[in-house]
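Student: Could you walk me through this structure, one step at a time? I am new to it and would like to follow the reasoning.

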Amino acid sequence: MAYCTQAHIEGEFKSVTFTSSSSVTDADIVRFIAETDAFIDGKVGRKYVVPITGASSLLILRTIAIQINAARAIKILEVKTGDSDKDQ
């Protein structure tokens, strides 16, 4: 179970939709989500049983996952478009 979805990440942007032909593709987002989930599980799993299932804990991890993945997308968009406007 992923901590966030593509829709959560798209919600961080005003007018960006990730498709197979966008600067950051939907496949990139799927990969980012999987990598971030593994990273979070690796860090959190040192102290707690993962995957985390508690409702409150999942909300916290969702927020962290969204922020990590949105930051990765922003970094790529800035490089590919030359636009540092974070509200793309």
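Here is a short conversation about this predicted model.

Student: How many Å should the 19 residues of helix H2 span?
Tutor: Happy to start there! Helix H2 covers residues 26-44. The estimate uses 1.5 Å a residue, and the end C-alpha atoms of H2 lie 27 Å apart, which agrees with the expected span of 27 Å.

Student: Which residues of H2 are buried?
Tutor: A residue is called buried when its relative accessible area is under 20%. In H2 that group is made up of Asp-28, Ile-29, Phe-32, Ile-33, Thr-36, Asp-37, Ile-40 and Val-44.

Student: Within what arc do the buried residues of H2 fall, seen down its axis?
Tutor: Good thing to ask next. An α-helix has 3.6 residues a turn, so residues three or four places apart point the same way. The buried residues of H2 line one face of the helix, because they fall within an arc of 165°.

Student: Which helices do those buried residues of H2 pack against?
Tutor: Two helices are involved, and each can be found by its residue range. The buried residues of H2 pack against helix H1 (6-10) and helix H3 (55-81).

Student: And which exposed residues sit on the face of H2 turned away from its buried side?
Tutor: Here the cut-off for exposed is over 50% relative accessible area. On that face of H2, the exposed residues are Ala-27 and Val-30.

Student: Is Asp-28 buried or exposed?
Tutor: Asp-28 has a relative accessibility of 18%. The limit for buried is under 20%. By that limit, Asp-28 counts as buried.

Student: Which residue forms a salt bridge with Asp-28?
Tutor: Side chains of opposite charge can pair when their charged atoms come close. The partner lies in helix H2 as well, three residues from Asp-28, about one turn of the helix. The partner is partly exposed, with a relative accessible area of 39%. With the closest N and O atoms 3.5 Å apart, the residue paired with Asp-28 is Arg-31.

Student: What is the N to O distance in the salt bridge of Glu-35 and Arg-31?
Tutor: Glu-35 and Arg-31 both belong to helix H2 and are four residues apart, about one turn of the helix. Glu-35 is partly exposed, at 35% relative accessible area. The side chains meet with an N to O distance of 3.4 Å.

Student: How many residues apart in sequence are the parts tied together by Arg-72 and Glu-35?
Tutor: Arg-72 forms a salt bridge with Glu-35, and their closest N and O atoms are 2.8 Å apart. Arg-72 lies in helix H3 and Glu-35 in helix H2, so this pair ties together parts that are 37 residues apart.

Student: Which residues do salt bridges that share partners join into one network?
Tutor: Let us put the pairs together. The count of salt bridges comes to three. Through shared partners, they join into one network Asp-28, Arg-31, Glu-35 and Arg-72.

Student: How are the rings of the one aromatic pair arranged?
Tutor: The structure holds one aromatic pair. The ring centres of Phe-13 and Phe-18 are 5.8 Å apart and their planes meet at 90°, so the pair is edge-to-face.

Student: Are Phe-13 and Phe-18 buried or exposed?
Tutor: Phe-13 has a relative accessibility of 7%, which counts as buried. For Phe-18 the relative accessible area is 3%, and Phe-18 is likewise buried.

Methods. Residues numbered from 1 in each chain as written. Predicted model: local features only at pLDDT ≥ 70, side-chain atom pairs only at ≥ 80, totals over all residues. Heavy atoms only, no water. Helix = DSSP H or I, 4+ residues; strand = E, 2+ residues; numbered from the N terminus. Expected span 1.5 Å × (residues − 1). Buried < 20%, exposed > 50% of the residue type's maximum accessible area, 1.4 Å probe, protein only. Arc of directions from axis to C-beta. Contact = heavy atoms within 4.5 Å. Salt bridge = Lys/Arg side-chain N within 4 Å of Asp/Glu carboxyl O. Phe/Tyr/Trp six-rings, centres within 6.5 Å; stacked < 30°, edge-to-face > 60°.
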